[in-house]
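Here is a walk through one model, from its overall layout down to a handful of single residues. Have a look at the fold, then read on.

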Amino acid sequence: MTREEAGRLPQELARVGASHGITDLACKLRFYDDWAPEYDKDVAALKYRAPCLAVDCLSRALPGPPQDALILDVACGTGLVAVELQARGFLQVQGVDGSPEMLKQAQARGLYHHLSLCTLGQEPLPSSKGGLICLTTRSNPSNLPYKEALEAVLDSLEQAGAWERLVAQPVEHWELATSEQETGLGTCANDGFISGIIYLYRKQGRTQGKGGRPSVVAPVDH
């Protein structure tokens with residue numbers, strides 16, 4: 001780490017840590033609007049790996065050539081998932097996010113065929129097709145209530161026969177912890193990383209993506 005990076009890290013830890021603590025949706029979206037210009041630098045400094053890990057998981061699971069897959073990137077943020085998708089040959093990517101400023105950053109990358117303003121859980125997604133769904137979240141102490149709630153919803157969808165679980169992959173090196181309080185359960189004590197988990201499900205839809213190609217939803221957790 002360079003001297004400049006070391007000097008920036010406390011600011012980045014503070015911003016990322018603050019984002020983790022916001023529970024009100026409207027406040028969170030305003031925070032992400034303000035954060036958008038610095039977001040990529042902040043999560044890179046924390047060695048945030050979720051976009052790469054999620055796309056690796058999808059790449060292994062998807063049948064056929066990647067250029068034929070139709071991808072919907074949910075909560076796409078600044079487009080970090082699209083960068084990873086393009087590097088692996090996925091070219092048909094759409095994105096949705098609840099933050100207009102995050103969408104501006106994603107648009108500037110030029111990697112999405114279409115971007116829409118859509119808040120996950122508040123509005124219907126622009127796709128109701130069957131396909132694979134990849135989700136990621138953190139396993140650090142402050143995120144455990146959210147993780148447990150998410151898993152309860154996923155379990156209910158599986159029990160109802162709507163989704164089929166294919167992968168639940170714990171990951172030790174997710175990102176650097178933002179505080180000493182996060183260096184307990186869910187953290188690698190030797191290097192200060194928190195852990196996370198990747199879920200991959202098959203949605204039991206009656207139709208598939210355009211031209212019979214799979215439609216994939218890939219939300220990530222920052």
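## A glycine before strand 5

Let's start in a loop: glycine 161 sits between helix 6 (144-159) and strand 5. The model is a predicted one, and in it glycine 161 has a relative accessibility of 43%, so this residue counts as partly exposed.

Glycine 161 also has a partner from further along the chain. Its C-alpha atom and that of glutamine 204 are separated by 7.4 Å, with the two positions 43 residues apart in sequence numbering.

## The overall layout

Stepping back, the protein chain has six helices and eight strands. Going along the sequence, they come in the order α-α-α-β-α-β-α-β-β-α-β-β-β-β.

How many of the 222 residues count as buried? The share is 45% for the protein chain. As for contacts between residues at least 6 apart in sequence, 69% of them join residues at least 24 apart.

## Two nonpolar cores

In soluble globular proteins, nonpolar side chains tend to be buried together. Here the largest nonpolar core takes in 41 residues, and the ones with the most contacts inside it are Trp35, Tyr39, Ile71, Leu85, Tyr112, Trp174 and Ile198. Both helices and strands chip in: helix 2 (25-45), helix 3, helix 4, helix 5 (100-109), strand 4 (131-138), strand 5 (163-176) and strand 7 (193-203) each supply at least two residues.

There is also a second core, separate from that one, with eight residues. Leu135, Leu154, Trp163 and Tyr201 are among them.

## Helix 3 against helix 4

Helix 3 (residues 50-61) and helix 4 (residues 80-87) have axes that come within 9 Å and cross at roughly 45°. Why call this pair oblique? Angles under 35 degrees count as roughly parallel and 65 to 115 as roughly perpendicular, and the pair is therefore oblique. The crossing of helix 3 past helix 4 is right-handed.

On the helix 3 side, the contact is made by Pro51, Cys52 and Val55, while helix 4 brings Leu80, Val81, Glu84 and Leu85. Sorted by class, that gives six nonpolar residues, one charged and no polar. Leu85 turns up again here, having been listed among the residues with the most contacts inside the largest core.

## Helix 2 against helix 5

The axes of helix 2 and helix 5 come within 7 Å, and the crossing angle is roughly 30°. Helix 2 contributes Tyr32, Asp33, Ala36, Pro37, Tyr39 and Asp40 to the contact, and helix 5 contributes Pro100, Glu101, Met102, Gln105 and Arg109.

Which classes make up this contact? It has six nonpolar residues, four charged and one polar. Tyr39 of this contact is another residue named for its contacts inside the largest core.

## Positive phi in two loops

Most residues other than glycine have a negative phi. Lysine 47 has a positive phi of about 60° although it is not a glycine. This lysine is in the loop between helix 2 and helix 3, and lysine 47 is partly exposed, with a relative accessible area of 45%.

Alanine 75 also has a positive phi, of about 55°, and is not a glycine either. You'll find alanine 75 in the loop between strand 1 (70-74) and helix 4. Its relative accessibility is 24%, so alanine 75 counts as partly exposed.

## Two buried strand residues

Buried or exposed: how does serine 116 count? Serine 116 belongs to strand 3 (residues 114-117), and since its relative accessibility is 19%, serine 116 counts as buried. Setting aside neighbours within four places in sequence, serine 116 is in contact with Gly95, Val96, Asp97 and Leu103.

Glutamine 92 is part of strand 2 (residues 92-97). With 18% relative accessibility, glutamine 92 counts as buried. The C-alpha atoms of glutamine 92 and proline 66 are separated by 8.9 Å, and the two residues are 26 apart along the chain.

## A serine past strand 5

Last stop: serine 179, in the loop between strand 5 and strand 6 (187-188). Serine 179 has a relative accessible area of 28% and is partly exposed. Its C-alpha atom is separated by 8.6 Å from that of alanine 14, although the two are 165 residues apart along the chain.

Definitions and conventions
Residues numbered from 1 in each chain as written. Predicted model: local features only at pLDDT ≥ 70, side-chain atom pairs only at ≥ 80, totals over all residues. Heavy atoms only, no water. Axes fitted to C-alpha atoms, helices over the stretch in contact; angles between N-to-C directions. Helix = DSSP H or I, 4+ residues; strand = E, 2+ residues; numbered from the N terminus. Parallel < 35°, antiparallel > 145°, perpendicular 65-115°, else oblique. Left-handed = near helix turned anticlockwise from the far one by under 90°. Contact = heavy atoms within 4.5 Å. Nonpolar A, V, L, I, M, F, W, Y, C, P; charged D, E, K, R; others polar. Core = buried A, V, L, I, M, F, W, Y, C linked by side-chain atoms within 4.5 Å. Buried < 20%, exposed > 50% of the residue type's maximum accessible area, 1.4 Å probe, protein only.
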